[in-house]
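Welcome! Please take a moment with the sequence and the 3D view below, and then let us walk through them together.

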Amino acid sequence: MQYSKSKMELLVKNDAELTKRLKEVMKEHELEKSFALKALYHSLVKDGGKYQKDYQEL
């Protein structure tokens, strides 16, 4: 499964919990949005993560 910035943006936009988590990651680690999206992908989507099915459906 390949990382897609546009898919991650859609996934975050459609899920309030992910939106909140994105903001927390950006603030906590002082990351730009693009890097925070990639971090969320690796922690919550890739390899059987909680949001993998939702991501694949986009």
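Which residues does tyrosine 55 touch, not counting residues up to four places away in sequence? They are Met1, Gln2, Tyr3, Ser4, Lys7, Met8, Leu11, Tyr41 and Val45, where contact means heavy atoms within 4.5 Å. Tyrosine 55 lies in helix H4 and, at 1% relative accessibility, counts as buried. Here buried means under 20% relative accessible area, exposed over 50%, and partly exposed in between (1.4 Å probe, protein chains only). The C-alpha atoms of tyrosine 55 and leucine 10 are separated by 8.9 Å, although the two residues are 45 apart along the chain.

Before going further, a word on the ground rules. This is a predicted model, in which local features need pLDDT of at least 70, side-chain atom pairs count only at pLDDT 80 or more, and totals for chains, interfaces and linings use all residues. Residues are numbered from 1 along each chain as its sequence is written, and side-chain values use heavy atoms, with hydrogens and water left out.

How confident is the predictor? The pLDDT score gives its confidence in each residue, from 0 to 100. The mean for the protein is 93, and 100% of its residues reach 70 or more. Among the elements, helix H2 (residues 16-29) has the highest mean pLDDT, 95, and helix H4 (residues 52-57) the lowest, 92.

Now for the overall picture. The protein has four helices and zero strands, so the pattern along the sequence reads α-α-α-α; helices (H or I, at least four residues) and strands (E, at least two) are DSSP runs, numbered from the N terminus. For 58 residues, a compact globule would have a radius of gyration near 10 Å, and the protein agrees with its 10 Å. That radius is taken over C-alpha atoms, and the globule rule is 2.2 Å times the number of residues to the power 0.38. Along the principal axes, the C-alpha atoms fill a box of roughly 30 × 20 × 20 Å. Buried residues make up 24% of the 58 residues. Of the contacts with a separation of 6 or more, 60% are between residues 24 or more positions apart.

Leucine 44 is a good next stop. This residue lies in helix H3 and counts as partly exposed, at 21% relative accessibility. Leaving aside neighbours within four places in sequence, leucine 44 is in contact with Leu18, Arg21, Gly49, Lys50, Tyr51 and Gln52. Leucine 18 is 26 residues away in sequence, and its C-alpha is 9.3 Å from that of leucine 44.

Where do you find exposed residues? Lysine 13 is one of them, at 68% relative accessible area, and lies in helix H1 (residues 5-13). The C-alpha atoms of lysine 13 and glutamine 2, 11 residues apart along the chain, are separated by 19 Å.

Two loop residues round off the tour. Each has a positive phi angle although it is not a glycine.

| Residue | Location | Phi | Relative accessibility |
|---|---|---|---|
| Glutamate 30 | loop between H2 and helix H3 (33-45) | about 50° | 73%, exposed |
| Aspartate 47 | loop between H3 and H4 | about 55° | 69%, exposed |

Technical notes: pLDDT is the predictor's confidence in each residue, from 0 to 100.
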